Every structure is written in structure tokens, then in C-alpha cells.
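Please look through the structure below. Some questions and answers on its fold follow.

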Amino acid sequence: MKTPKCPLCGNEMQLCSDDVCSGYYVQLYYYDCIGCPLATTPVDSAKEAENQIKDLISRFPPIMRVWPGDKLQVEDGSVCEVINVNKNLAMMDVRRGEGRPVFTIADTHVLRWPWELEQEGGSNDI
């Protein structure tokens with residue numbers, strides 16, 4: 001899995017583990033943001049912790065999960081790179097390619113978000 005980004009601050013969510021003793025030692029895993037207090041609940045396996053972080057992040061609106069550098073597909077079918085995100089206005093500055101002009105779009109003009117492009121296994125090239 002690609003390192004998830006915190007939907008609140010944009011920093012990496014890192015996999016952590018702790019040894020807990022309740023009669024015997026158990027290793028518990030959880031994801032914790034390196035920049036803010038967002039974290040998942042400790043669980044018994046790293047895979048379960050990964051499922052938790054995916055579920056937690058998916059509950060945030062798409063505009064909160066997109067970051068500069070991500071690629072997405074806009075209404076005209078072209079794949080653009082996100083340059084800047086205004087989460088309060090749900091607007092993004094995007095560019096179709098290096099040297100091309102930057103333009104602003106609303107989140108409602110996005111056909112496919114970065115995680116949807118990755119699932120298709122298609123090319124994310126601009």
C-alpha cells in the first residue's frame with residue numbers, strides 16, 4: 001500500500017506498533033499521523049490496521065483527500081496534475097502538463113480522483 005496521507009493536515013500516516021501486556025504480550029498495530037492527532041484504534045494485525053486507515057480516509061470528502069502533485073481526470077477526459085487545493089472553496093488549480101497554463105476547477109468537475117485512477121491500473125501520465 002502507498003503511504004497514506006492525513007486528510008486533515010496532509011502529512012504521512014505511519015504504521016506504529018506497541019507491545020501490550022495483559023497476562024501475555026500482544027503486539028498491536030495502528031496508524032498515526034506524524035503532524036496531528038488523527039489515529040486509528042490499535043488492532044491485532046498490520047493488515048487490519050491498513051484496512052482501518054483505508055476506511056477512515058474514505059469517510060472524508062474527496063476534496064480533503066487530494067493533494068498537490070496528485071493526478072486526476074477532469075470533465076473533458078484529460079488527466080491533470082493538482083497544483084494547489086483550496087479545501088474551503090472545494091476548488092483546485094490544475095495543469096494538463098509541464099509548461100501548460102494552470103486553470104482552476106471545482107471538485108464537481110472531476111471525473112476520476114487519484115485513487116480511482118490507481119484502481120483502474122491505467123496510466124497516470126500527463
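Helices (H or I, at least four residues) and strands (E, at least two) are DSSP runs, numbered from the N terminus. This is a predicted model, in which local features need pLDDT of at least 70, side-chain atom pairs count only at pLDDT 80 or more, and totals for chains, interfaces and linings use all residues. Residues are numbered from 1 along each chain as its sequence is written, and side-chain values use heavy atoms, with hydrogens and water left out.

Q: How many helices and strands are there in the chain?
A: Along the sequence, the pattern reads β-β-α-α-β-β-β-β-β-α. The chain thus holds 3 helices and 7 strands.

Q: Why is the chain more spread out than a compact globule?
A: The globule rule is 2.2 Å times the number of residues to the power 0.38, and the radius of gyration is taken over C-alpha atoms. For 126 residues the rule gives 14 Å, and the chain is more spread out because its radius of gyration is well over that, at 17 Å.

Q: Which residue in β5 stands opposite Glu81?
A: Two strands pair if DSSP finds at least two bridges between them. Strands β4 (residues 79–86) and β5 (residues 91–95) run antiparallel and are joined by 5 bridges. The residue opposite Glu81 is Arg95.

Q: Which residue in the turn between β5 and β6 has a positive phi?
A: β5 pairs with β6 (residues 102–106) in the antiparallel sense over 5 bridges. The two form a hairpin with 6 residues between them, and the turn residue with a positive phi, about 80°, is Gly99.
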